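Q: Please take a close look at the surroundings of the ligand. I should be grateful for a connected account of what borders the ligand and of the strands and loops that follow from there.

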Amino acid sequence: MEELLKQIAAYKEEIASTVVNTVDSLEAYRIKFLGTKGIVKNLFGEMRNVPNEKKKEFGQILNEFKQFAESKYEEAKESTDIGHQSSVNDIDLSLPEDSLPLGARHPISLVKNQIIHIFGRLGFSVAEGPEIEDDWHNFTALNLPENHPARDMQDTFYINQNPDWLLRTHTSSVQARVMEKQKPPIRIICPGRVYRNETISARAHCFFHQTEGLYVDENVSFADLKQTLYFFVQEMFGKDVKVRFRPSYFPFTEPSAEMDINCRICGGVGCNVCKHTGWVEILGSGMVHPKMLENFGIDSNKYTGFAFGMGIERICQLKYRINDLRLYSQNDVRFLKQFVNAV
Ligand code: DAH
């Protein structure tokens, strides 16, 4: 009995001087003193050897020792945060989960995918081309020979090492690449990034996105062009959308037209986006110039085609009311987060 009391006193000292400040030391302490094979348990086992008349007194001493050891454990767990990070036994399944924030698709990707989907239903498949282009595919093949004034409309970035190389200024270059390889019928759209040497502002950027469309077959008419594009905007913006075609000029189409839709921002009443006209231009289009078909060995007496090119940022602006082009590339999470549930 005396021996046991001495031991208990020594254990108390040990407990008092033990430093418990990490997950590991807390667990080690628990195992040593409070575990199923721990010191407290062992001491209770000694009860067997204690004479009956002393059992009550010894039992009280043991209980008090046990509480002492436990309170040290609880204290250590409380005073640091370690109890919460600790072992499997301490996982509280009733706590709310630490949910991971959902990522969102970039609005440009959202709109691009919608465009692909809508034209996909009309039988258009996706074609791609390089962003670093040569003069032929970006200009000359599209009926824009050297010194053609229309080249000035597109502030081109040229590559220093080779003046024949440039960053494509429009996705029309992919038209050239497709016609080079494929014979009619051709029915493709080409979404992608394009570059122009423009000063960055709310309304202009040095890179942006376009989708080109090209349809070449027998008997393709301007009526087909109109109907296809009308279908597209109805699907994209709703059945109530109004369209108008205006005559225009592009070297690679003849005749050419630009298409406007009634402003989705103000509903046609007039605002900054539509410059108070109620109409917003969304694309350029036209019947593929016969010279272009001939450039690729396609018989322009047999085949006709239409083409169009639209800016994805513009569609996005009208769809999601985004009034500053710079937002698309700033990676501001507050902007991007708004598209978590967008479709
Ligand atoms: N490439 C023109 C641009 O970037 C857009 C365009 C106009 C594309 C008419 C076409 C087209 O395919 O037929 O401004």
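A: Helices (H or I, at least four residues) and strands (E, at least two) are runs assigned by DSSP and numbered from the N terminus. The model is predicted, so that local features need pLDDT of at least 70 and side-chain atom pairs count only at pLDDT 80 or more, whereas totals for chains, interfaces and linings use all residues. Residues are numbered from 1 along each chain as its sequence is written, and side-chain values use heavy atoms, with hydrogens and water left out.

The ligand is surrounded by 15 residues, counted as near if a heavy atom lies within 4 Å of it. Ser-172, Gln-175, Arg-196, Gln-210 and Glu-212 come nearest. The shell consists of 4 nonpolar, 9 polar and 2 charged residues; here Ala, Val, Leu, Ile, Met, Phe, Trp, Tyr, Cys and Pro count as nonpolar, Asp, Glu, Lys and Arg as charged, and the others, Gly among them, as polar. Four elements supply at least two residues each to this shell: the helix α8 (172–181) and the strands β6 (207–217), β9 (279–288) and β10 (304–311).

Polar contacts (N or O atoms within 3.5 Å) can be followed one by one. Ser-172 places a polar side-chain atom 2.9 Å from a nitrogen atom of the ligand. Gln-175 likewise has a polar side-chain atom, 2.9 Å from an oxygen atom of the ligand. In the case of Ala-307, a polar backbone atom lies 3.2 Å from an oxygen atom of the ligand. On its own the ligand has 360 Å² of accessible area, of which the protein covers 91% (Shrake-Rupley method, 1.4 Å probe).

Ala-307 also leads to the strands of the shell. Strands pair if DSSP finds at least two bridges between them. The antiparallel pairing of β6 with β10 has 8 bridges, and in it Ala-307 of β10 is the bridge partner of Leu-214. β10 also runs antiparallel to β9, to which 5 bridges join it; there Met-310 of β10 stands opposite Leu-283. Thus β10 pairs with β6 and with β9. In a regular strand the side chains alternate between the two faces of the sheet.

The helix α8, which contributes to the shell, is followed by a loop that runs to β5 (186–195) and contains Pro-185. Pro-184 and Pro-185 are joined by a cis peptide bond with omega of about 0°. A second cis peptide bond joins Glu-254 and Pro-255, with omega of about -5°. Pro-255, by contrast with a loop residue, lies in strand β8. Strand β8 (residues 253–262) pairs antiparallel with strand β7 (residues 243–250) over 7 bridges. The two strands form a hairpin with 2 residues between them, and Val-243 stands opposite Ile-261 of β8.

One further backbone feature concerns Asn-143, whose phi is near 70°, a positive value in a residue other than glycine. Asn-143 belongs to the loop between α7 (135–138) and β3. Most residues other than glycine have a negative phi, and most peptide bonds are trans.

The strand β3 (158–159) is an edge strand, as is β2 (132–134), each pairing on one side only. These strands belong to an open sheet of 3 strands with antiparallel pairing, in the order β2-β4-β3. Between β2 and strand β4 (residues 162–167) there are 3 bridges, and Glu-133 stands opposite Leu-166 of β4.

Definitions and conventions:
Polar contact = N/O pair within 3.5 Å; in protein donor to acceptor, adjacent residues only side chain to side chain.
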